[in-house]
Amino acid sequence: MDASTSLARWHAVVESRDPAGLPGLVAQDAVFRSPAVHTPQQGRDTVVGYLTAAFTVLGPALTYEREWLGEDSAVLQFRTEVGGLDVSGVDIITWDEDGLIADFTVMVRPAKGLQAVVEQMGAELLRMLEAAGS
């Protein structure tokens, strides 16, 4: 599967605002790299969990403004609002040969916006864990 097809699948799930479509996009051994967590987060379930939380925290106002497409990857520049702050950043996505997300890296700015994202993502991940009974 080529990167443009994989990217179109990503956009369809983002536009639906329904995280139920995420597991079908993420490879079993995927890695998520967050500006809020020091170590890479590994495995489909973990990556889907982070992306699901991001849908809640970033999703309502998230818009992609520009994108750069490579052979097996894309860089997507986004803008959103979190805690009343204008936040911008990039998602860097790499797909495997099956068109599944193998690596997802997020970068966010400005520092105050990043802090708001860190706080709200932490709260959302905790809420998700509690709801799952963990």
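This passage describes the sheet, the helices that pack on it and the nonpolar core of a predicted model.

The sheet is open and consists of six strands, which follow one another in the order S2-S1-S6-S5-S4-S3 with mixed pairing. Because strand S2 (41–42) and strand S3 (63–69) each have a single partner strand, they stand at the edges, and one side of each is left without a neighbour in the sheet.

Both senses of pairing can be followed at strand S6. With strand S5 (residues 85–95), strand S6 (residues 101–109) pairs in the antiparallel sense over eight bridges, and the bridges between these strands include that of Thr94 with Asp103 and that of Gly89 with Val108. The two strands form a hairpin in which five residues lie between S5 and S6, and Gly99, located in the turn, has a positive phi of about 80°. With strand S1 (residues 26–33), by contrast, S6 pairs in the parallel sense, over four bridges; Arg33 stands opposite Thr105 of S6. As a general matter, the side chains of a regular strand alternate between the two faces of the sheet.

Helices H1 and H3 are both placed against strands of this sheet. Helix H1 (residues 3–16) lies across S3, strand S4 (73–82), S5 and S6, and runs at about 170° to S3. Helix H3 (residues 111–131) packs on the sheet as well, where it touches S4, S5 and S6, and its direction makes about 70° with that of S5. Leu126 is a residue of helix H3, and it counts as partly exposed because its relative accessibility is 48%, a value that falls between the limits of 20% for buried and 50% for exposed residues. Although Leu126 and Ala53 are 73 residues apart in sequence, their C-alpha atoms are 9.7 Å apart in space.

The largest nonpolar core comprises 36 residues, of which Trp10, Val26, Leu51, Ile101 and Phe104 touch the most other members. At least two residues of this core are supplied by each of H1, S1, helix H2 (44–57), S4, S5, S6 and H3, and H2 gives the most, with eight residues. The surroundings of Leu51 illustrate the contacts of one such member: when residues up to four places away in sequence are not counted, Leu51 touches Trp10, Leu22, Val26, Phe32 and Phe104. Among these partners, Trp10, Val26 and Phe104 are themselves listed with Leu51 as the core residues that touch the most other members.

Methods. Residues are numbered from 1 along each chain as its sequence is written. Side-chain values use heavy atoms; hydrogens and water are left out. Two strands pair if DSSP finds at least two bridges between them. Contact means heavy atoms within 4.5 Å. Axes are lines fitted to C-alpha atoms, for helices over the stretch in contact, and angles run from 0 to 180 degrees between N-to-C directions. Buried means under 20% relative accessible area, exposed over 50%, partly exposed in between (1.4 Å probe, protein chains only). A nonpolar core is a set of buried Ala, Val, Leu, Ile, Met, Phe, Trp, Tyr and Cys residues joined through side-chain atoms within 4.5 Å.
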